[in-house]
Amino acid sequence: MNICLGNRTADTVRIYFEKAKQPEIKAVLPQKAQTVEEALEDYRKTLLANAKSYGKIIIADGNYIGDIWCYCIDVNEEPNAMLSFCIFEKAYWSQGIATEAVALFLQEVHNKYELNTIGAFAFADNLASIRVLEKNGFTVLEEFSEDGRDSKYLQYTALRE
């Protein structure tokens, strides 16, 4: 299977916003934007020169199947950014696609922003996402409960030279 990253557009933002409403996704990935207009405004902010977030779409064999992004980008903070990703097409789950997409994206953001550390949060019961992160060099640094939900904070340390 050919996995690559592509550029986000207003159309992909609209598609992602609708696809992310699936109950299986909402259960493991909280969404900041509550309306498509908010999602589009957040996307437009990523296009600005001083943007603190950056994202790509995930493509498998020519099909748009998910998104991956960094937010809170700041090379003077620890971590330098936070990572999130989502494969919204269930037919592509459990095939190693997210693992490969994260690897591609980590290299891209490291080169683009000179990031050395990247953090990620995952609900403790989201074993698939935790495994994707661990396969890409993330380590669990903290376990906590928030609003009655167990979560983990992981950090990518492999970029350190």
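Biologist: Before we start, what counts as a disulfide here?
Modeller: A disulfide is a pair of cysteine sulfur atoms within 2.5 Å. Keep in mind that this is a predicted model.

Biologist: Sure. How many disulfides does the structure hold, then?
Modeller: Zero. Take C72: the nearest cysteine sulfur is that of C70, 9.9 Å away, so with a cut-off of 2.5 Å the two are not a disulfide.

Biologist: And what about C86, how far away is the nearest cysteine sulfur?
Modeller: For C86 the nearest cysteine sulfur is again that of C70, 15 Å away. C86 is in no disulfide either.

Biologist: Is C86 buried or exposed?
Modeller: Buried, because its relative accessibility is 5% and the cut-off for buried is under 20%.

Biologist: Okay, new topic: helices. Which residues of α1 are buried?
Modeller: Helix α1 runs over residues 10-19, and T12, V13, Y16 and F17 are its buried ones. They sit on the same side of α1, because the arc they cover around the axis is only 140°.

Biologist: Why would that spacing put residues on one side?
Modeller: An α-helix has 3.6 residues a turn, so residues three or four places apart point the same way.

Biologist: Nice. What do the buried residues of α1 pack against?
Modeller: One helix and three strands: α3 (36-46), plus β2 (54-60), β3 (63-71) and β4 (81-87).

Biologist: Which residues are buried in α3?
Modeller: Those are A39, L40, Y43 and T46. Their arc around the axis is only 110°, so they too lie on the same side of their helix, α3.

Biologist: And what covers them?
Modeller: The cover over the buried residues of α3 includes α1.

Methods:
Residues numbered from 1 in each chain as written. Predicted model: local features only at pLDDT ≥ 70, side-chain atom pairs only at ≥ 80, totals over all residues. Heavy atoms only, no water. Buried < 20%, exposed > 50% of the residue type's maximum accessible area, 1.4 Å probe, protein only. Helix = DSSP H or I, 4+ residues; strand = E, 2+ residues; numbered from the N terminus. Arc of directions from axis to C-beta. Contact = heavy atoms within 4.5 Å.
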